[in-house]
Structures are given as structure tokens and as C-alpha cells.
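Work through the exercises below with the model open beside you. Each task is followed by a solution in steps.

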Amino acid sequence: MIFINNKYFDKIILEGISEEDLIKAKETLILNRKKSVESNYFWLNQILGSIFNGYEMQTLEEYTAAVNALTVEDIKKVAEKYLKHDEYVRVSLKPVAMKPAK
């Protein structure tokens, strides 16, 4: 389970992420895409997504270029827009045997 607290949101909003973290994330995204394109399930999702959601499918080269174009400032702008303290819900699952919190 991942817990993200307000301090983490604030740090991303104010400072963005580190260049090292961005590089690692880019490498992971590109590597995952390279592996995924070998799967029929991936292509089915791409085709259905393009039909139902209206977006154009990207070649591996186009995807790689788009990912590599991302900057720390881009991430910071998205964080400012979407990581708002008043617009998220924290949910945790508990085993049935536990009594609900009061």
C-alpha cells in the first residue's frame, strides 16, 4: 500500500521532482513500452483506446520522443494542477474481522 502525505504533495508542487528521479521514470516508461509492444493485449488496448477515446496511436519512436521531452517543470505544472489537498480521498482497506473506526 502506498501512502502519500501532504508534505510529499507540497514538495512536488513547490520544487518539482529531482532530475535523477525524472531520468529514472523516463527510462522505466520507455523500457515498459518496449516490452509491452510485443503483447497482443497491448495492441488491443491501443486500438480500442484510439477508437473509443479518439487519440492517435504512437510509434515507439514517437512515444520515446514524447517521454524524453518531459521536463521537471512539466511535472511541477501538472502537480500544481492536480495535487490539490482538498481534491483527494484517502482510502484504506481493512480486513472484515476488524471493527470499523469511530
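**Exercise 1. A charged pair**

This is a predicted model. Lys76 has a relative accessible area of 16%. Classify Lys76 as buried or exposed, then describe the salt bridge that Lys76 forms.

Solution.
1. Buried means under 20% relative accessible area. Lys76, at 16%, is therefore buried.
2. The partner of Lys76 in the salt bridge is Glu80, and their closest N and O atoms are 2.9 Å apart.
3. Both residues sit in helix α5, four residues apart, so about one helical turn separates Lys76 from Glu80.
4. Glu80 has a relative accessible area of 38%, which makes Glu80 partly exposed.
5. How many salt bridges does the structure hold? The count is one.

**Exercise 2. The two sides of a helix**

Find the buried residues of α2 and state how they are placed around the axis.

Solution.
1. Helix α2 runs over residues 19-36, which is 18 residues. From its first C-alpha to its last, α2 reaches 26 Å, close to the 26 Å expected at 1.5 Å a residue.
2. Leu22, Lys26, Ile30 and Arg33 are the buried residues of α2.
3. These four lie on the same side of α2, because the arc they cover around the axis is only 60°.
4. On the other side of α2 are the exposed residues Glu20, Lys24, Glu27 and Lys35.
5. What do the buried residues of α2 pack against? They pack against α3, α4 and α5, the last spanning residues 72-82.

**Exercise 3. A nonpolar patch**

List the residues that make the nonpolar surface patch, and place Met57 in the chain.

Solution.
1. The patch is made by Tyr41, Trp43, Leu44, Ile47, Leu48, Ile51, Phe52 and Met57.
2. Its area is about 860 Å².
3. Met57 is found in the loop that lies between α3 (40-53) and α4 (60-69).
4. A patch residue needs over 30% relative accessible area. Met57 is partly exposed at 39%.

**Exercise 4. Two positions far apart in sequence**

Locate Val78 and give the separation between the C-alpha atoms of Val78 and Ile13.

Solution.
1. Val78 belongs to helix α5.
2. With a relative accessible area of 46%, Val78 is partly exposed.
3. Along the chain, Val78 and Ile13 are 65 residues apart.
4. In space, 8.4 Å separates their C-alpha atoms.

Technical notes: Residues are numbered from 1 along each chain as its sequence is written. This is a predicted model: local features need pLDDT of at least 70, side-chain atom pairs count only at pLDDT 80 or more; totals for chains, interfaces and linings use all residues. Side-chain values use heavy atoms; hydrogens and water are left out. Patches are made of residues with over 30% relative accessible area and no salt bridge: like charges are joined within 9 Å, nonpolar side chains (Val, Leu, Ile, Met, Phe, Trp, Tyr) within 5 Å. Accessible areas come from the Shrake-Rupley method with a 1.4 Å probe; for residues, only the protein chains shown count as cover. A salt bridge is a side-chain nitrogen of Lys or Arg within 4 Å of a carboxyl oxygen of Asp or Glu. Helices (H or I, at least four residues) and strands (E, at least two) are DSSP runs, numbered from the N terminus. Buried means under 20% relative accessible area, exposed over 50%, partly exposed in between (1.4 Å probe, protein chains only). The expected span of a helix is 1.5 Å times one less than its number of residues. The arc is that of the directions from the helix axis to the C-beta atoms. Contact means heavy atoms within 4.5 Å.
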